[in-house]
Protein chains: 2
Amino acid sequence: MPSPPTTPRRSCCPLACSLDILGDRWTLLVLRDLFRGVDRYSGFTRSPEGIATNILAQRLDALIEHGIAERFVPEGKKHPRYRLTQRGRDLEPTLRALAAWGLQHIPGTEARLAPKDG
Amino acid sequence: MPSPPTTPRRSCCPLACSLDILGDRWTLLVLRDLFRGVDRYSGFTRSPEGIATNILAQRLDALIEHGIAERFVPEGKKHPRYRLTQRGRDLEPTLRALAAWGLQHIPGTEARLAPKDG
DNA sequence: CCAATTTGCTTGCATCTTGCAAGTAAAAAC
DNA sequence: GTTTTTACTTGCAAGATGCAAGCAAATTGG
């Protein structure tokens, strides 16, 4: 469920609205990690970009609030895990398109997000 | 020609590098306008999101610096115009994917970027 | 079972980025 | 040739980000 718009939206343009949610330097990287199977807080912090923990906490909360990811606690454990929802998985084409562009146009980039399988 | 990385890149991940260039709330909206055929400074400011002029100038400069857009002056005119380069046009799949996601998942959004034609 | 380590955060603060409102000189329109 | 528009720049307040600590609960190791 997308809660009522937290950030007042700038327009009804779907691109603008998407950017209200995803348009910053970190959110899509957290998404990328989720796609790769990272599911624990400490996992995200180990990615090479080195996200600060306060930013990470904030981004995870926002992703959950927007229904893109969810928190869950595995049987018999206490530490929470994170996973994508369907809404989050639907962002795969976006991530692939962006990554493909980077790979093609930015020298020195290397593919990591698996081409077809995870 | 991509000039030597202006912003020190956070990693060699193509997604991260793309986000170093495009990952903010305005850049992709300027791109959207360019795709729609907006080619003048004042045109961008009339989009419903209402970009501030200092941000616009900054973003246009960055897009040009990264070879995504270019400035040109039409015959007999003095005021500059802007257009996408091939590198910029290659971002179309990304814009479409993001817009499609917004359209599908964010209530109250309306399509504008033409489905096939411009 | 108990000590040591890891995890999942929060807090504080300096710095960078945004947003808003004016201001301006050159260009274009009338 | 006077009015309007255009394409910016500047200044400043407010918000976001980055970094380093700090901390209690959870997990690991012996």
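Where is B:Arg25 found? B:Arg25 sits in the loop between α1 and α2 of chain B. B:Arg25 counts as partly exposed because 17 C-beta neighbours lie inside 10 Å; the label falls between buried (20 or more other C-beta atoms within 10 Å of a residue's own) and exposed (12 or fewer), with C-beta atoms placed from the backbone. Leaving aside residues up to four places away in sequence, B:Arg25 touches A:Leu19 and A:Gly23, where contact means that C-beta atoms, placed from the backbone, lie within 7 Å.

This is a predicted model, in which local features need pLDDT of at least 70 and side-chain atom pairs count only at pLDDT 80 or more, while totals for chains, interfaces and linings use all residues. Residues are numbered from 1 along each chain as its sequence is written, and chains are lettered from A and ligands numbered from 1 in the order in which they are written.

Let us turn to chain A. Chain A has six helices and two strands, in the order α-α-α-α-β-β-α-α along the sequence. Helices (H or I, at least four residues) and strands (E, at least two) are DSSP runs, numbered from the N terminus. Of the 118 residues in chain A, 34% are buried.

Next comes the meeting of the two chains. The contact takes 41 residues from chain B and 41 residues from chain A. On the chain B side, α1, α2 (27-36) and α6 (92-105) each supply at least two residues, and α6(B) gives the most, with eleven residues.

One helix pair shows how the chains cross. The axes of α6 (residues 92-105) of chain A and α1 (residues 14-22) of chain B come within 7 Å and cross at roughly 85 degrees. The two helices are therefore roughly perpendicular to each other, a label for angles of 65 to 115 degrees. Among the residues making this contact are A:Leu95, A:Trp101, B:Pro14 and B:Cys17.

Finally, there is DNA strand C. It is surrounded by 18 residues, and the closest are A:Tyr41, A:Ser42, A:Asn54, A:Ala57 and A:His79; a residue is near a strand if its C-beta atom, placed from the backbone, lies within 6 Å of it. Helices α3 (41-45) and α4 (53-65) of chain A, together with α4 (53-65) of chain B, each supply at least two residues of this surface.

The table sorts residues by class: Ala, Val, Leu, Ile, Met, Phe, Trp, Tyr, Cys and Pro count as nonpolar, Asp, Glu, Lys and Arg as charged, and the others, Gly among them, as polar.

| Surface or contact | Nonpolar | Polar | Charged |
|---|---|---|---|
| Side of chain B that touches chain A | 23 residues | nine residues | nine residues |
| Contact of α6(A) with α1(B) | eight residues | two residues | no residues |
| Surface near DNA strand C | six residues | seven residues | five residues |

Methods:
Axes fitted to C-alpha atoms, helices over the stretch in contact; angles between N-to-C directions. Parallel < 35°, antiparallel > 145°, perpendicular 65-115°, else oblique. Contact = placed C-beta atoms within 7 Å.
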